[in-house]
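Subject: Structure handover and notes

Dear colleague,

Please find below the structure I promised to pass on to you, followed by my notes on what was found in it.

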Amino acid sequence: MIDIAILGFGTVGSGVAEVLDAQRERVRQAAGDDIRVKYILDIRDFPGSPYADRVVRDMNVILEDPDVKAVCETMGGKEPAFAFTRAALERGKSVCTSNKELVDAFGPELVQTAGAHGCSYLFEASVGGGIPILRTLRDSCRHEELTSVVGILNGTCNYILTKMDREGMDFADALRQAQENGFAERSPDADVQGHDTARKLAILASLISGRRVRYEQVPCEGITEVSPEDLLRARKTGRAVKLLGICGRDPAAGTLSVMAAPCLVPQDNPLYGVNDVFNGILVHGNCVGDLMFYGRGAGKLPTASAVAADVVECVKNPGRTVEAGLPAPGAEITPVPFTGPLPGGIERLRRGA
Ligand SMILES: NC(=O)c1ccc[n+]([C@@H]2O[C@H](COP(=O)([O-])OP(=O)(O)OC[C@H]3O[C@@H](n4cnc5c(N)ncnc54)[C@H](OP(=O)(O)O)[C@@H]3O)[C@@H](O)[C@H]2O)c1
């Protein structure tokens, strides 16, 4: 029996407990042992929850229990998530997270800390929710020269743009409907201004280039100014407007370009058909060519499933550090602006053009 703890029992954290319970037998087969949620750290109580008796308030209870081998950090934000993560790793407890903000800000340092203490820091759920994109890039594509990643990385924005396109709504109405249907948060700025997409793209760009790209280095434009007329004009030329995170590399020149912006996607690009809350990620490798990943980029169970997959991988590798694929701290790169055509026949949306 392997004990784990969950930090933050909100949407994703409660989903992790549910996935591990509902899939108990499959998890046991995959991990080679039973996995039990021994502690849940939160600031609230959860009366009536089947997990109510496992809730603790003090992180030290988890840190000081030698039976806890892995921790799921599903609190979000930088602090105390960073301090708790580092403390767990320093005690040899692996950490699996959905927290893209923390991965973007401190990922390489936390991976290094894990390496120094014989445990792992994994973050599959931080990009693309349930889509196993990071594992594929760091594992199956490791031998490839990956030259571009283009992704619809934010389900909220994709839902809004799909509504605007299909129903001729303006941005404000589509956002309101997304909020009413639970597809957008009450404070949707990070999503609609493109920052969430830029964060996820920075993680992807770091992974495919082996050099650190920070979210602040990603030129970023959101969808708040996209109008129904933009969508109509795109449709007339057989294209769709999508908020994309784009990373292109020129391995010969050693350069890398990144941006997050609304773009025109032609019909023959697989991202054209990615609608509603779905995410899609198109990767190009020198041997394999184009690869397309599609799935739910957010939501309780899809995101929790990705965290659970990381837990299984950590449990299968006791005392070892699973390669996370991020560059070492200090391996920085300064992105250069895109020149020439964007990958996959994509063009940046020029409003009113
Ligand atoms: N939701 C998704 O679909 C999704 C998808 C991909 C990635 N993510 C990422 O996953 C992370 C968690 O997201 P979420 O949607 O699950 O958030 P959430 O529902 O707000 O859950 C966070 C939980 O952590 C608790 N918490 C906050 N500060 C704490 C502290 N200091 N000590 C103990 N518990 C604390 C919160 O309690 P209170 O509610 O009382 O504040 C809440 O129960 C975020 O980084 C998010 O970006 C989410």
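Which strands does helix H4 (residues 81-90) lie across? The helix lies across E1, E2, E4, strand E5 (94-97) and E6, and its direction makes an angle of about 145 degrees with that of E5. Please keep in mind, as you read on, that this is a predicted model.

**The parallel sheet**

The strands just named belong to an open sheet of six strands, which follow one another in the order E3-E2-E1-E4-E5-E6 with parallel pairing. Its edges are formed by strand E3 (55-56) and strand E6 (121-122), each of which pairs on one side only. At the E3 end, strand E2 (residues 35-41) is joined to E3 by two bridges in the parallel sense, and Leu 41 stands opposite Val 56 in E3. Helix H1 (residues 11-22) also lies across part of this sheet, namely strand E1 (2-7), E2 and strand E4 (68-73), and runs at about 155 degrees to E1.

**The antiparallel sheet**

A further open sheet, again of six strands, has the order E11-E10-E7-E8-E9-E12, and here the pairing is antiparallel. Strand E11 (289-296) and strand E12 (347-348) are the edge strands, each pairing on one side only. Within the sheet, strand E7 (residues 146-152) and strand E10 (residues 278-285) run antiparallel and are joined by six bridges, with Val 150 standing opposite Leu 282 in E10. Two helices can be placed against these strands. Helix H6 (residues 133-140) lies across E7, E10 and E11, at about 15 degrees to E10, whereas helix H11 (residues 228-236) packs on the sheet through strand E8 (239-250) and strand E9 (255-266), its direction making about 80 degrees with that of E8.

**The ligand site**

The ligand is surrounded by 20 residues, of which the closest are Thr 11, Val 12, Asp 42, Ser 98 and Gly 299. By character, this shell divides into eight nonpolar, nine polar and three charged residues. Three polar approaches may interest you in particular. A polar side-chain atom of Ser 98 lies 2.7 Å from an oxygen atom of the ligand, a polar backbone atom of Thr 11 is 2.9 Å from a ligand oxygen, and a polar backbone atom of Gly 10 is 3.4 Å from an oxygen atom of the ligand. Taken alone, the ligand exposes 890 Å², and the protein buries 71% of that area.

**Backbone details to check**

Two places in the backbone deserve a look, given that most residues other than glycine have a negative phi and most peptide bonds are trans. The peptide bond joining Glu 79 and Pro 80 is cis, with omega about 10 degrees, and Pro 80 lies in the loop between E4 and H4, the helix with which these notes began. The other place is Asp 276, a residue other than glycine whose phi is positive, near 55 degrees; Asp 276 is found in the loop between E9 and E10.

With best wishes

How values were computed: Residues are numbered from 1 along each chain as its sequence is written. This is a predicted model: local features need pLDDT of at least 70, side-chain atom pairs count only at pLDDT 80 or more; totals for chains, interfaces and linings use all residues. Side-chain values use heavy atoms; hydrogens and water are left out. A residue is near a molecule or strand if one of its heavy atoms lies within 4 Å of it. A polar contact is a pair of N or O atoms within 3.5 Å; within protein, one must be able to donate a hydrogen and the other to accept it, and residues adjacent in sequence count only if both atoms are side-chain atoms. Accessible areas come from the Shrake-Rupley method with a 1.4 Å probe; for residues, only the protein chains shown count as cover. Ala, Val, Leu, Ile, Met, Phe, Trp, Tyr, Cys and Pro count as nonpolar, Asp, Glu, Lys and Arg as charged, and the others, Gly among them, as polar. Two strands pair if DSSP finds at least two bridges between them. Helices (H or I, at least four residues) and strands (E, at least two) are DSSP runs, numbered from the N terminus. Contact means heavy atoms within 4.5 Å. Axes are lines fitted to C-alpha atoms, for helices over the stretch in contact, and angles run from 0 to 180 degrees between N-to-C directions.
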